[in-house]
Amino acid sequence: MVRRGWVAPGPEVSAFEHELAARLGTEAVAAVSSGSAALELALRALGVAPGDEVIIPTYVCDALHHAVGRTGATPVLADADRATLSLSAEDAQARLTPRTRCIIVPHAFGLAADLRALLALGVPIIEDCAQTLAARLDGRPVGSFGALAVCSFYATKLLTTGEGGAVAGPAALIERVRDVRDYDERDDLAPRFNAKLSDLAAALGRSQLARLDAFVARRRAVAARYRERLREVACVLPADLGDRHVYHRFVVEVDRPPDIVRRSLAARGVAARRPVYRPAHRALGRDGFPEADRLWHRTLSLPCYPTLSDREIDTVAAALAEALA
């Protein structure tokens, strides 16, 4: 690809988009420069604008809040779901208003959220598949249920282009994304973005996509070994839900402050972290999100990636057992 001298968006991007659409079970895909850009462009494709409200979980990375804010709409925080760690359908329903334009539903930490109750609310859903590409729900790939879906291909994601993302969905909506993705050579001066993905990045993404099933199989094997090694340890393990879970992270619940456990693990050479840096409502000084607070006070993400060896898994498990003893 480098030899043919094509670095800007071109045939590799087109092929990557086609392959992603097939993988996600959607009509079309637009590759973009980042997952954050994908979120904002998806919102704009749905017509989200000042005066609208968008429901998002509080227990999530800040990218969702930022993307909604950049459209001029108001982010409306909702609590976490105890079973999936994603968005609570019950709490989202309680926060609906006549100004609610859409709901962003992350499939959190690799587990496909149960979308049935959320879809039943009658509000357009944007599926955030940043951590869950290749997971399936009711036999269908995540990303194929909502009005649109977004992906992230950052370095820590299930597959990477270094930086990058995508918006997937019906062809008509994806054409809207394409229209604002690139500002150049347009007859009007309507605001647009420079949010393209390069052919270099797309070529890396295609090579990663071809290996995605192997990556996910290894992640599931890592999770299975953690379950075996942590059976007698005083922590709550993620549920084994078959092809609904691809284990972007292996999240455990502990009965003591996570920072204390994390420091104990670090002293034993193991790097663990909170699954979410801090819920958005805590940054805003709000309360009323009890499940998100509980998760923030009780959960840790253990190392989980395809190159993790069985010996390293055993080391992490032994360190956690010692830290919780």
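**Helix packing and enclosed space**

Mentor: In this predicted model, helix α8 (residues 212-229) and helix α12 (residues 310-324) have axes that come within 10 Å and cross at roughly 40°.

Trainee: Why are α8 and α12 called oblique to each other?

Mentor: Angles under 35 degrees count as roughly parallel, and 65 to 115 as roughly perpendicular. The crossing at roughly 40° falls in neither range. α8 and α12 are therefore oblique to each other. The handedness is a separate matter: α8 passes α12 in a right-handed crossing.

Trainee: Which residues of α8 and α12 meet?

Mentor: From α8 come R218, V222, R225, Y226 and R229, and they meet D310, I313, D314, V316 and A317 in α12. By class, that contact has 5 nonpolar, no polar and 5 charged residues.

Trainee: What makes Y226 of α8 count as nonpolar?

Mentor: The classing rule puts Tyr with the nonpolar residues, so Y226 is counted there. Asp and Arg count as charged, and the contact includes R218 and D310.

Trainee: α12 also packs with helix α9 (residues 258-267). What are the angle and the distance for α9 and α12?

Mentor: Their axes come within 9 Å and cross at roughly 130°.

Trainee: Why are α9 and α12 oblique to each other?

Mentor: Roughly perpendicular ends at 115 degrees, and roughly antiparallel needs an angle over 145. The angle for α9 and α12 is roughly 130°. α9 and α12 are therefore oblique to each other. Their crossing is right-handed. V261, S264 and L265 of α9 make the contact with A319, L320, A323 and L324 of α12. By class this contact has 6 nonpolar, 1 polar and no charged residues.

Trainee: How do you know that α2 is oblique to α3?

Mentor: Helix α2 (residues 35-45) and helix α3 (residues 63-70) pack at about 40°, with axes 9 Å apart. That angle makes α2 oblique to α3, because roughly parallel would need an angle under 35 degrees and roughly perpendicular starts at 65. The crossing of α2 and α3 is right-handed.

Trainee: Which residues of α2 and α3 meet?

Mentor: S36, L39, E40, L43 and R44 in α2 meet A63, L64, A67, V68 and R70 in α3. These residues divide into 6 nonpolar, 1 polar and 3 charged.

Trainee: Now the empty space. How many cavities of 30 Å³ or more are there?

Mentor: The count comes to 1. The largest cavity has a volume of about 30 Å³.

Trainee: What makes a space a cavity and not a pocket?

Mentor: A 1.4 Å probe fits in a cavity but cannot get out, whereas a pocket is open. The lining of the largest cavity is C129, A130, L133, C151, S152, F153, K157, L158 and L159. By class, this lining has 7 nonpolar, 1 polar and 1 charged residues.

Trainee: What surrounds the second largest pocket?

Mentor: That pocket holds about 280 Å³ of space and is lined by 19 residues, of which A83, L85, L237, P238 and V251 lie nearest its centre. The elements that give two or more residues to the lining are β10 (250-253) and α11 (290-298).

Trainee: Which element gives the most to the lining of the second largest pocket?

Mentor: β10 does, with 3 residues. By class, the lining of this pocket has 12 nonpolar, 3 polar and 4 charged residues.

Conventions
Residues numbered from 1 in each chain as written. Predicted model: local features only at pLDDT ≥ 70, side-chain atom pairs only at ≥ 80, totals over all residues. Heavy atoms only, no water. 1 Å grid on protein atoms, 1.4 Å probe; cavity = no way out; pocket = protein on both sides within 12 Å on 5 of 7 lines; lining within 4 Å. Points joined across faces, edges and corners; volume = space filled by probe spheres on them. Axes fitted to C-alpha atoms, helices over the stretch in contact; angles between N-to-C directions. Helix = DSSP H or I, 4+ residues; strand = E, 2+ residues; numbered from the N terminus. Left-handed = near helix turned anticlockwise from the far one by under 90°. Contact = heavy atoms within 4.5 Å.
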